[in-house]
Amino acid sequence: MPRTGLRFTFALPDPDPVQQSQVFRTAIEMARFADTKGVDLISLDEHHASGYGWSSNPILTGGMILAATEHIRVGVSAALGPLWDPIRLAEDLAVVDQVGGGRMTVTLGLGYRPIEYAAMGKDYHRRGELMDQLLDTLLKAWTGEPFEYHGATVAITPRPLTRPHPSLMIGGSAKATARRAVRTRLPLQIPDYLPELKAFYENLCRDEGIEPRVHMVAEHRPGMVVLHEDPDRAWAELGTHLMWEAVEYGAWAAGDMKSVMHVPGVADIDEVRASGRYRVLTPDQLIDELTTQGDDASVTLHPLVGGMPIDEAWKSVHLLTDVVIPALSTMRSTAARSPQ
């Protein structure tokens, strides 16, 4: 059955603390509701110094979501690895792994905004080196055995529940990222449809005699979805919320980076709609699309995008849980009963 998820960034054009508190609390409530309706994943990411309250601590927020749910997974894509203190991140992820029963997967990326490194007192030009140091420390720390760190012998507790360590991936769109994934024996996550990079990684794995583990955006680049009974009306009445995020987020994109969610250069609602990265679909349109793509298909709703009114966000979520998921489940059951 196709996979379904909700994405939350918590970003607002005018981040009033009262409104932002409501967004955080609504996101956790939506995650709790989605957990009871068969939604597979809550997706979070990390940014700093945005001016809009963009998700600054996905590990903390993800832990809150895991504590409020029983089944749904949390995917952090991506945490900005070099900006974290390695020991603190090892401890934080171990605690979250314990609380959530191993339901969080974290993709570690380098990031691409120098201002974020400046805000955290880190050297942007050393980000690759900092990532390597972080990964080395995490993998040592999670063994529970003492190891040398900055001239001291340390041991990290609690140990993670998941063995040998919490679910971790290396994310990025450069060959250096693929090499890092192979060196550390961690899965690779590619944030766009880049078959040449995937092939490069698989060849490296073959040379090293290891099994490739790679997650890549599908060729049709599904983007973020809002569900609505009347997409044309939704774009007319609510399109400013999608446009705001597309414009702001697209402006962050570095010249050489590749990510399915960046839409550089868009300036109005028509351009955002034409990009196909932010989409408004009816439930029937989404059902048809997912059915055509088969069991490997997935969709991520972005219900609170750009300060979307809370009632409209809930309508989108209910169309997923009350219409789309039951229809997909029925189709799967019917297909299973059909004679071969």
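Analyst: Two helices count as roughly parallel when the angle between them is under 35 degrees. With that cut-off in hand, let's look at this predicted model.

User: Happy to. What makes α5 and α6 roughly parallel or roughly antiparallel to each other?

Analyst: Helix α5, residues 127-141, and helix α6, residues 175-184, pack at an angle of about 20°, and their axes lie 12 Å apart. An angle of about 20° falls under the 35 degree limit, so the pair is called roughly parallel. The crossing of α5 and α6 is right-handed.

User: Which residues make that contact?

Analyst: On the α5 side they are G128, M131, D132, L135 and L139, and on the α6 side R180, R183 and T184. Sorted by class, the contact of α5 with α6 has three nonpolar, two polar and three charged residues. Gly counts as polar, which is why G128 belongs to the polar group.

User: What is the term for how α3 lies to α5, and why?

Analyst: The term is oblique. Helix α3, residues 86-100, packs against α5 at an angle of about 45°, with the axes 9 Å apart. An angle of about 45° is over the 35 degree limit for roughly parallel and below the range of 65 to 115 for roughly perpendicular, so α3 is oblique to α5. This crossing is right-handed.

User: How many residues of the α3 and α5 contact are nonpolar, polar and charged?

Analyst: P86, I87, L89 and A90 of α3 meet L134, T137, L138 and A141 of α5. They divide into seven nonpolar, one polar and no charged. Thr is outside both the nonpolar and the charged lists, so T137 is counted as polar.

User: And what makes the analyst's label for α6 and α7 what it is?

Analyst: Here the angle is about 30°, with the axes of α6 and helix α7 (residues 195-208) 10 Å apart. That angle is under 35 degrees, so α6 and α7 are roughly parallel to each other. Their crossing is right-handed. In the contact, K175, A178, R179, A181 and V182 of α6 meet L197, F200, Y201, L204, C205 and E208 of α7. By class, there are eight nonpolar, no polar and three charged residues. Tyr and Cys count as nonpolar, which is why Y201 and C205 are in that group.

User: Stepping back, how do you know how compact the protein is?

Analyst: The protein has eleven helices and twelve strands. Its radius of gyration is 20 Å, close to the 20 Å that the globule rule gives for 340 residues, so the protein is as compact as a globular protein of that length. Along its principal axes, the C-alpha trace spans about 60 × 55 × 40 Å.

User: Where does UniProt place the Luciferase-like domain?

Analyst: The unreviewed UniProt entry places it at residues 9-244. Over that stretch the chain is 44% helix and 17% strand, and its end C-alpha atoms are 13 Å apart.

User: What makes the peptide bonds before P158 and P164 cis?

Analyst: The omega values do. For the bond joining T157 and P158, omega is about 0°, and for the bond from R163 to P164 it is near 5°. P158 sits in the loop between β6 (152-154) and β7 (167-171), and P164 lies in the loop between β6 and β7 as well.

User: What is notable about the phi of H150?

Analyst: H150 has a positive phi, about 55°, although it is not a glycine. You will find H150 in the loop between β5 (147-149) and β6.

Terms used:
Residues are numbered from 1 along each chain as its sequence is written. This is a predicted model: local features need pLDDT of at least 70, side-chain atom pairs count only at pLDDT 80 or more; totals for chains, interfaces and linings use all residues. Side-chain values use heavy atoms; hydrogens and water are left out. UniProt positions are given in the numbering used here, feature names are shortened, and annotations may be inferred rather than shown by experiment. Helices (H or I, at least four residues) and strands (E, at least two) are DSSP runs, numbered from the N terminus. Axes are lines fitted to C-alpha atoms, for helices over the stretch in contact, and angles run from 0 to 180 degrees between N-to-C directions. Angles under 35 degrees count as roughly parallel, over 145 as roughly antiparallel, 65 to 115 as roughly perpendicular and the rest as oblique. A crossing is left-handed if the near helix is turned anticlockwise from the far one by less than a right angle, and right-handed if clockwise. Contact means heavy atoms within 4.5 Å. The radius of gyration is taken over C-alpha atoms; the globule rule is 2.2 Å times the number of residues to the power 0.38.
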